[in-house]
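Colleague: I would like to learn to read this model feature by feature. Please take me through it.

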Amino acid sequence: MRCAVETSDPMNPIDPVRIDRRVAIKWMLAAGAGAMFLRGRALGAAAAGPSRTSGGGYGTDPDLMKPYKPGDYWDLTFSDAQRRAVALLSDIVIPADSLSPSASSLGVTDFVDEWVSAPYPDNVRDRKVILDGLTWLEAESSRRFGSPFEGAGDAQRLALCEDMSAKAPEGSDLAPAHEFFHLFRDLVASGYYTTPEGLRDIGYAGNMPLAKFEGPPPELISKLGLADEVTW
Amino acid sequence: MAIVTPSSATDRYDVIVVGSGAAGGQAAYTLAMEGARVLMLEAGRNYDPRSETPMFKTPDAAPLRGRGTPDKPFGFYDATVDGGWQVPGEPYTNALPEKGREFKWWRARMLGGRTNHWGRISLRNGPYDFKPRSRDGLGFDWPISYEDVAPYYDKVEMLIGVYGTNEGLENTPNSPDGVLLPPPKARIGELLARQRGRSIGIPVIPAHRAVLSRALDHTSIPAKLHPGNAKAQRLLAEDMQNRAACFWATPCGRGCAIRANYQSTTVHIPPAMATGNLDVLPNAMAREVTVDSSGTATGVSYVDRTTGLERRVSARVVVLAAGACESARILLNSKSAPFPSGLGNSSGLVGKYIMDTVGANWGGHIPLLEGTPPHNEDGAGGGHVYTPWWLYKEQLAGKLGFARGYHVEFETGRRMSEGPISTGDARDGRVSYGHRLKEDARRYNGSFVSFTGRGEMIPNEDSFCEIDPHVVDKWGIPVLRFHWKWSEHEIRQVAHMQRTFADWIAAMGGTSKHRPDPDGTKAIEPGGSIIHEVGGAIMGAKASASVTNSWSQTWDVKNLFIADGAVFASNADKNPTLTIMALAWRAADRILDEMRRGNL
């Protein structure tokens with residue numbers, strides 16, 4: 001299975017500073033906030049894999065004006081049972097709270113299915129991790145709880161996630177499950193925070209025409225002591 | 001006159017322009033507005049930004065949330081058609097596959113070429129940048145000086161619309177009063193970077209980008225650009241009124257349907273077509289410039305991509321503007337009895353001295369920017385500020401260990417991300433999820449800064465392109481083979497970038513994502529990947545040491561001009577597009593003058 005850590009930043013092969021969990025979340029968001037990071041990742045991925053898929057993608061001149069939904073370009077993969085398990089797991093990764101809805105309610109299940117079904121090299125690689133992970137999840141749930149994942153109790157499902165989220169020694173039984181959960185979390189967060197609702201939830205307030213660009217709120221400028229910098 | 005087909009492109013033309021991007025667009029604009037009959041050849045399809053730009057579309061309306069794929073490497077909505085690092089059926093090769101020796105070549109097959117998606121950063125070269133060898137003994141001087149190009153910078157800035165300010169900094173030229181448009185207000189992270197940059201001696205000033213921060217002055221600019229030409233003035237005034245000012249939303253890389261930023265397809269081609277003097281022939285893949293027995297160019301042979309058939313068009317003058325490497329390819333493939341090693345190549349320098357921009361990225365987290373109240377930070381899409389190179393004196397004194405400078409672009413704030421997002425957080429602890437993940441996402445989004453260094457590469461003997469003797473594209477046209485090597489100057493420059501960015505992030509109270517590496521070889525991006533490739537047909541003062549003279553006219557064939565970045569004798573840290581346009585306008589003026597004098 002692919003090691004998500006090793007391939008997480010192909011354009012920056014510098015040894016990362018060792019970071020704790022909360023800091024790591026920040027880097028995830030940095031990747032989302034910076035188009036250059038994404039651009040860099042895209043370049044790296046394109047350079048590392050085959051130069052082009054043999055077909056089945058959307059091609060080099062797709063209609064950009066049409067709205068798309070998962071399944072428009074390639075067939076989806078998940079069975080009904082897999083979809084239910086993915087939806088449950090997605091909502092553990094991003095549950096509803098008072099400010100925003102859960103992952104599955106924003107179409108993230110469909111996005112994960114679209115992702116693992118796409119013909120591009122990154123997707124083909126991730127497909128195996130996700131499908132193997134879902135198989136493991138069902139087997140482990142049966143072994144521990146005598147029930148498929150969707151039939152397990154909330155506390156049982158959380159316990160499984162808690163185990164998968166912990167770093168597992170390489171070669172241990174849990175190592176592939178951890179890799180799966182890590183990738184799954186990334187996909188869910190990616191699918192969620194690229195929807196209008198998800199973007200709003202993390203403070204994105206753009207993508208609307210304005211008569212004038214006003215710059216930052218004056219009270220924020222004052223709070224950070226930056227009033228002297230506003231010279232134009 | 002308008003978009004034509006191979007069978008309707010039968011008029012007699014004064015000039016054939018090969019290419020429709022910054023160089024081809026500008027050359028065709030100048031020529032057509034001043035009365036020359038022009039045929040523009042574009043290898044890709046026709047493209048209309050007014051109807052094809054996915055304005056306001058959110059990532060969830062795109063396949064894979066818009067993320068880059070081998071089909072669309074810069075994302076689904078990127079304004080690149082049939083292109084990217086590979087073009088289907090049109091390969092290029094690398095002589096040396098190992099790391100550090102690779103060259104990557106981004107192409108597009110669409111009207112307007114790469115101007116449809118570029119970053120719109122529009123910086124003037126300064127006086128030093130045209131005479132680098134005189135300053136430090138390396139590379140080549142240009143046969144022209146800043147003063148020769150300055151009037152054309154003025155004209156291009158007035159035509160396309162560039163926001164920015166005049167700061168009077170070293171080798172960072174001012175524009176005449178009234179030429180630049182007002183810069184947009186700085187974002188909060190940009191203000192913080194400015195304040196803290198000053199504390200470590202780094203200036204931050206308004207960026208210069210080709211985005212209309214207000215509508216162009218259609219009442220005064222046309223007369224300045226086309227004195228004595230009432231028709232051109234009228235048509236340009238009309239067209240300028242059809243360009244809206246920026247409404248501060250939707251990424252520039254998708255192109256702009258309201259024509260608020262510069263694309264050849266929204267700025268150059270529409271008024272040029274309105275003159276009736278410009279025909280545009282899409283799907284015409286130039287193979288070679290044809291010559292007669294006297295060594296005069298007669299026209300261009302091309303492959304009609306819709307049929308695969310080879311066709312010919314003729315004109316008094318040929319202008320190559322296909323992009324530096326593609327123009328070199330056409331020259332090298334234009335072999336004939338008078339020119340057995342390719343056209344314009346008596347010096348043997350066609351394809352030589354390819355340069356890109358030196359690039360490295362650096363990210364940091366800034367706690368001061370955590371949890372800022374949500375506000376709209378889209379602005380003009382790209383950066384509102386930048387840092388011009390600021391260590392000229394130290395560098396000239398030999399204190400830095402590398403000879404040429406870099407400028408800094410940076411990105412801050414909350415933007416509309418395209419998925420997916422990946423992390424390295426399995427390295428130590430747990431994979432975060434659940435309510436904690438959501439709380440962290442709210443807190444940290446927008447608290448990052450990403451620095452981008454953009455530096456000057458010195459031309460060298462090991463970075464060039466040639467015809468691959470073994471490979472042809474699907475049209476049967478021999479392809480380019482690239483050779484690449486960075487020198488110690490570029491490698492050390494990247495190490496300096498890293499130290500600077502790390503210090504800057506620390507000055508902002510933040511933490512860098514990486515530790516600076518004293519060896520720049522790991523962080524430097526591959527040759528070509530900044531997509532600023534220039535050189536390959538450099539201009540010079542002597543026919544033995546250059547491909548064109550100071551007018552971008554080939555020494556060997558007087559009715560053949562090169563309007564794109566191929567003529568660059570150096571590649572300053574300043575992004576090349578504005579200079580490409582200024583030189584294309586200047587070359588077009590020369591063509592017009594020489595045609596009037598009967599010399600062409």
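**Reading helices, sheets and packing**

Modeller: Let's start at the end of a helix: α9(B) is followed by Gly276(B), whose phi is positive, near 80°. Helices (DSSP H or I, at least four residues) and strands (E, at least two) are numbered from the N terminus. This is a predicted model, in which local features need pLDDT of at least 70 and side-chain atom pairs count only at pLDDT 80 or more, while totals for chains, interfaces and linings use all residues. Residues are numbered from 1 along each chain as its sequence is written, and chains are lettered from A and ligands numbered from 1 in the order in which they are written.

Colleague: How many residues of helix α9 of chain B are buried?

Modeller: A residue is buried if 20 or more other C-beta atoms, placed from the backbone, lie within 10 Å of its own, exposed if 12 or fewer, and partly exposed in between. In α9(B), residues 264–274, 11 of 11 are buried; among them are His268(B), Pro270(B) and Pro271(B). They pack against α1, α2 (49–52), α5 (146–160), α8 (230–241) and β5 (278–281) of chain B.

Colleague: And how do I read two packed helices?

Modeller: The angle and the distance between their axes describe them. Helices α1 (residues 22–33) and α14 (residues 577–596) of chain B have axes that come within 8 Å and cross at roughly 35° (lines fitted to C-alpha atoms over the stretch in contact, with angles from 0 to 180 degrees between N-to-C directions). The residues of this contact divide into 12 nonpolar, 3 polar and 1 charged (Ala, Val, Leu, Ile, Met, Phe, Trp, Tyr, Cys and Pro count as nonpolar, Asp, Glu, Lys and Arg as charged, the others, Gly among them, as polar). Contact here puts C-beta atoms, placed from the backbone, within 7 Å. Ala23(B) and Leu31(B) are included on the α1(B) side, and Trp585(B) and Leu592(B) on the α14(B) side.

Colleague: What is the strand order in the open sheet of chain B?

Modeller: Strands pair through backbone hydrogen bonds, either parallel or antiparallel; pairing here takes at least two DSSP bridges. The 6 strands follow the order β4-β10-β11-β12-β9-β15, with antiparallel pairing. The edges are β4 (205–206) and β15 (511–512) of chain B, each with a single partner strand, so one side of each has no neighbour in the sheet. At the β4(B) edge, 2 bridges lead to β10 (residues 385–387), and Ile205(B) stands opposite Tyr386(B). Helix α13 (residues 488–507) lies across β9 (358–365), β11 (406–412), β12 (448–455) and β15 of chain B, at about 20° to β9(B).

Colleague: Where does chain B have a hairpin?

Modeller: β6(B) and β7(B) form it, with 5 residues between them; Gly295(B) in the turn has a positive phi of about 85°. The antiparallel strands, residues 284–291 and 297–304, share 7 bridges, and Thr290(B) stands opposite Gly299(B). In β6(B), 7 of 8 residues are buried.

Colleague: How many helices and strands does chain B have?

Modeller: There are 14 helices and 16 strands. The radius of gyration of chain B is 24 Å, close to the 25 Å of the globule rule for 600 residues, so chain B is as compact as a globular protein of that length (taken over C-alpha atoms; the rule is 2.2 Å times the number of residues to the power 0.38). Buried residues make up 62% of the 600 residues. Its C-alpha atoms fill a box of roughly 75 × 50 × 45 Å along the principal axes.

Technical notes: Contact = placed C-beta atoms within 7 Å.
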